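This briefing sets out selected features of one protein model for a reader working with its coordinates. The topics are charged pairs, helix packing, surface, backbone and buried sites.

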Amino acid sequence: MDYTKDFSLIPGHTWLNAASEGPLPKKAKQALLEAIEWKSSPHLLTIPKFQQVPLGLKKAIARLIHVDKDDVILGNSATYGLHLLSNGLEFKEKDEIILLQNDFPTDILPWLSLQQKGVVVRQLKAQQYVLTPQELKKAVNHRTKLVCLPLIHSFTGFKQDIKAIGQLCRAQGVLCVLNLSQAAGAFEIDLSQWEVDAVVCAGYKWLLGPYGTGFCWIRKELRQQLNYPQNYWISLMDEAGLNAQGPIILKDDHSSRRYDIFGTANFFNFVPWTSSIGYLLSIGLEKIGQHNQRLVDQFIDGLDQKSYALVSPRPKKQRTNIAVFSCKDASKNRQLYGFLTGKGFYPAIWKNKLRVSPHIYNTATEIGALLDALGRYASK
């Protein structure tokens, strides 16, 4: 099925960079216009909307990753959830946190401030881009308190064996935190199948939301350990409390609502994002994953191995929704990127490698045209 009709992409411009930004579906664009109408005519901005907007989004995210909506925390990025954890959990001097060296900075920077408290932050170099359970097992010791990893590595498309890693962490009493930003929306995810303690995710990539959207999920028992006061009135007060005239009493509340980003009823971001997630759910994440995998398979199988080096996994069982490659002469990669954008193809370039990340709005015809363009460049 051709899903391009559901988007407003400009003909002649093939967007192949969902791993950075996903375009709004037409339905989400219409939902945004409706939200603008509420603000343009404030009598439409009723009190129930302040409750329904965040609640509707939480319900959609809960369906997406198969969790309870009451455990979903709304944010503005993946970083938001990591800051809740890094600032809210108790770490002692000489405690250790394990990260992946050469991961996207989102998963590294929030933990580095803990070094000022004497926490040891270890950035482990993997033998092949992501840590294997065996590599992690060798690194974990009695001081290890937390591991934070991406499910899909942004720079290579390699996938963590999160089922085995989660089991290892749980057995060792180590917290396991997972970034889903390069996975959620691209294929089916069921958190009930993994032993993870928290996940974070950006909403503007594969989830096709506006920039400045994201969420996190923190296991209830862990969330109750957070000591990171965020006393926002919408999260902590009900109608009776708002109408009372006596002193305001701070509730001892560790529900997910307490940790939602301020301005939770963010109409211009959360209304279209809810629509985008609903669009993906209406198609089905299993079907979307199959669609995306066919396109990646077509690209990898068709890539000229004499002219280009594949960075991402070649075995089909190891492939993901991201394909990263390079010219055999890597010094030509910047020039190749300019050539492709000049021809109307928009991959990404990171660390002097090109990344192709097709999504539901891309077609086999577009991937074929991209391969043709790569062939023309190689023959120059």
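Glu195 and Arg170 form a salt bridge in which the closest N and O atoms are 3.8 Å apart. This pair links distant parts of the chain, with Glu195 in the loop between strand S6 (175–179) and strand S7 (198–202) and Arg170 in helix H6 (residues 162–172), 25 residues apart. The model is predicted, and the structure holds 12 salt bridges.

**Salt bridges**

- Side chains of opposite charge can pair when their charged atoms come close.
- Arg170 also meets Asp197 in a salt bridge, at 3.4 Å from N to O. That pair too links distant parts of the chain, Asp197 being in the loop between S6 and S7 and Arg170 in helix H6, 27 residues apart.
- Salt bridges that share partners join Arg170, Glu195, Asp197, Arg219 and Glu221 into one network.
- The two acidic partners of Arg170 fall into separate accessibility classes: Glu195 is partly exposed, with a relative accessible area of 30%, whereas Asp197 is buried, with a relative accessible area of 2%.
- Arg170 itself is partly exposed because its relative accessible area of 36% lies between the limits of 20% for buried and 50% for exposed.
- Lys5 forms a salt bridge with Asp6, with 3.9 Å between the closest N and O atoms. Lys5 is partly exposed, at a relative accessible area of 47%.

**Helix packing**

- Helix H2 (residues 47–65) packs with helix H10 (residues 267–283) at an angle of about 35 degrees, and the two axes are 9 Å apart.
- The crossing in which H2 passes H10 is left-handed.
- On the H2 side, the residues in the contact are Lys49, Phe50, Val53, Gly56, Leu57, Ala60, Ile61, Arg63 and Leu64. On the H10 side, they are Phe267, Phe270, Val271, Trp273, Thr274, Ile277 and Leu281.

**Nonpolar surface**

- Leu33, Ile36 and Phe268 make a nonpolar surface patch of about 250 Å².
- Leu33 lies in helix H1 (residues 26–40) and is partly exposed, with a relative accessible area of 45%.
- Leu33 can count towards a patch because its relative accessible area of 45% is over the required 30%.

**Positive phi values**

- Most residues other than glycine have a negative phi.
- His66 has a phi near 65 degrees, a positive value in a residue other than glycine. His66 is placed in the loop between H2 and strand S2 (72–75), and it is partly exposed, with a relative accessible area of 39%.
- Leu208 likewise has a positive phi, of about 60 degrees, although it is not a glycine. Leu208 lies in the loop between S7 and strand S8 (214–218), and it counts as buried at 0% relative accessibility.

**Buried sites and their contacts**

- His359 is placed in the loop between strand S13 (353–356) and helix H13 (364–378). His359 is buried because its relative accessible area of 0% is under 20%.
- Leaving aside residues up to four places away in sequence, His359 touches Ala18, Gly185, Ala186, Trp206, Leu208, Leu280, Ile288, His291, Asn292 and Leu295. One of these contacts, Leu208, is the residue with a positive phi of about 60 degrees.
- The C-alpha atoms of His359 and Trp217 are separated by 24 Å, and the two residues are 142 residues apart along the chain.
- Pro110 is placed in helix H4 (residues 109–112) and is buried, with a relative accessible area of 6%.
- Pro110 touches Thr79, Leu82, His83, Ser86 and Pro105, again not counting residues up to four places away in sequence.
- Between the C-alpha atoms of Pro110 and Gly368 the separation is 40 Å, with their positions 258 residues apart along the chain.

Methods
Residues numbered from 1 in each chain as written. Predicted model: local features only at pLDDT ≥ 70, side-chain atom pairs only at ≥ 80, totals over all residues. Heavy atoms only, no water. Patch = residues over 30% accessible without salt bridge, like charges linked within 9 Å, V, L, I, M, F, W, Y side chains within 5 Å. Areas by Shrake-Rupley, 256 points an atom, 1.4 Å probe, with all protein chains shown as cover. Salt bridge = Lys/Arg side-chain N within 4 Å of Asp/Glu carboxyl O. Helix = DSSP H or I, 4+ residues; strand = E, 2+ residues; numbered from the N terminus. Buried < 20%, exposed > 50% of the residue type's maximum accessible area, 1.4 Å probe, protein only. Axes fitted to C-alpha atoms, helices over the stretch in contact; angles between N-to-C directions. Left-handed = near helix turned anticlockwise from the far one by under 90°. Contact = heavy atoms within 4.5 Å.
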